[in-house]
Amino acid sequence: QVQLVESGGGLVQAGGSLRLSCAASGRTAGNYAMGWLRQAPGKEREVVGAISRGGATISYADAVKGRFTISTDNAKNTVFLQMSSMKPEDTAVYYCAAKFGIRFVAPPDYWGQGTQVTVSS
């Protein structure tokens with residue numbers, strides 16, 4: 001079992017920045033690739049970005065490439081999503097998720113509780 005606890009969502013103006021955190025706990029948390037997903041109202045959930053187990057590979061959706069950055073604090077089993085130059089279309093509930101193995105491939109095995117991010121124009 002892996003538990004994922006997110007924090008850091010909120011309201012930000014367009015052009016601003018937010019950082020989301022996802023703390024993973026559980027005996028085997030280190031065996032998982034991690035991903036960030038989001039779901040906007042009326043839209044399907046989409047993968048924003050992902051980091052492989054060990055951190056060798058990081059990938060991003062085209063919509064956020066160059067604006068969002070995934071990083072980790074391995075000592076704390078925490079994954080971050082730094083969001084910059086934010087746009088109103090980034091408004092969504094953001095989830096971190098874990099997938100057993102090296103690569104993050106949907107669907108995940110575990111989900112965080114989700115955190116609301118709202119970008120005002």
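This is a short tour of the structure, one selection at a time.

**Stop 1: the whole chain**

Start with everything shown. The model is predicted. Colour the protein chain by secondary structure: there are 0 helices and 11 strands. Read along the sequence, the pattern is β-β-β-β-β-β-β-β-β-β-β.

Now look at the overall dimensions. The C-alpha atoms fill a box of roughly 40 × 25 × 25 Å along the principal axes. The radius of gyration of the protein chain is 13 Å. A compact globule with 121 residues would have a value near 14 Å, so the two agree.

Switch on the surface. The accessible surface comes to about 6,300 Å². Carbon and sulfur atoms account for 49% of that surface. Of the 121 residues, 42% are buried.

How are the contacts spread along the sequence? Take the contacts between residues at least 6 apart in sequence: 55% of these join residues at least 24 apart.

**Stop 2: the open sheet**

Select strands E1, E3, E8 and E7. These 4 strands form an open sheet, in the order E1-E3-E8-E7. Their pairing is antiparallel. Which strands are at the edges? They are E1 (3-7) and E7 (68-73), and each pairs on one side only. Look along the sheet from strand to strand: the twist averages 20° from one strand to the next.

Keep E3 and E8 on screen. E3 covers residues 18-25 and E8 covers residues 78-83. This antiparallel pair is held over 6 bridges. To find one of the matched positions, select Ser21: its bridge partner in E8 is Phe80.

**Stop 3: the disulfide**

Stay with E3 and add E9. Select Cys22 and Cys96 and show their side chains. Their sulfur atoms are 2.0 Å apart, and the two residues form a disulfide. The count for the structure is 1 disulfide. The pair links distant parts of the chain: Cys22 is in strand E3, Cys96 is in strand E9, and they are 74 residues apart.

Which hand does this disulfide have? The torsion about the S-S bond is about 55°, so the disulfide is right-handed.

Are the two cysteines buried or exposed? Cys22 is buried, because its relative accessible area is 0%. Cys96 is buried too, with a relative accessible area of 1%.

**Stop 4: strand E11 and its partners**

Select residues 115-120, which make up strand E11. In a regular strand, side chains alternate between the two faces of the sheet. Show the side chains here and follow them along. Thr115, Val117 and Val119 are on the covered face. Gln116, Thr118 and Ser120 are on the uncovered face.

Next, add E2, residues 10-13. E2 and E11 pair in the parallel sense, over 4 bridges. For one position, click Gln13: its bridge partner in E11 is Ser120.

Then add E9, residues 92-100. E9 and E11 run antiparallel and are joined by 3 bridges. Click Tyr94, which stands opposite Thr115 in E11.

**Stop 5: unusual backbone positions**

Most residues other than glycine have a negative phi, and most peptide bonds are trans. Three places in this model are worth checking against that.

- Select Ala106 and Pro107. A cis peptide bond joins them, with omega about 0°. Pro107 is in the loop between E9 and strand E10 (110-111).
- Select Asn77, in the loop between E7 and E8. Its phi is positive, near 50°. Asn77 is partly exposed, with a relative accessible area of 34%.
- Select Ser85, in the loop between E8 and E9. Its phi is also positive, near 45°. Ser85 is partly exposed, with a relative accessible area of 42%.

**Stop 6: a loop residue**

Finish at Lys43. Where does Lys43 lie? Lys43 is in the loop between strand E4 (32-39) and strand E5 (46-51). Lys43 is exposed, because its relative accessible area of 55% is over the 50% cut-off.

Now select Ser7 as well and draw a line between the two C-alpha atoms. Lys43 and Ser7 are 23 Å apart in space, C-alpha to C-alpha. In sequence they are 36 residues apart.

Note on methods:
Residues are numbered from 1 along each chain as its sequence is written. This is a predicted model: local features need pLDDT of at least 70, side-chain atom pairs count only at pLDDT 80 or more; totals for chains, interfaces and linings use all residues. Side-chain values use heavy atoms; hydrogens and water are left out. Buried means under 20% relative accessible area, exposed over 50%, partly exposed in between (1.4 Å probe, protein chains only). Helices (H or I, at least four residues) and strands (E, at least two) are DSSP runs, numbered from the N terminus. Two strands pair if DSSP finds at least two bridges between them. Axes are lines fitted to C-alpha atoms, for helices over the stretch in contact, and angles run from 0 to 180 degrees between N-to-C directions. The radius of gyration is taken over C-alpha atoms; the globule rule is 2.2 Å times the number of residues to the power 0.38. Contact means heavy atoms within 4.5 Å. Accessible areas come from the Shrake-Rupley method with a 1.4 Å probe; for residues, only the protein chains shown count as cover. A disulfide is a pair of cysteine sulfur atoms within 2.5 Å.
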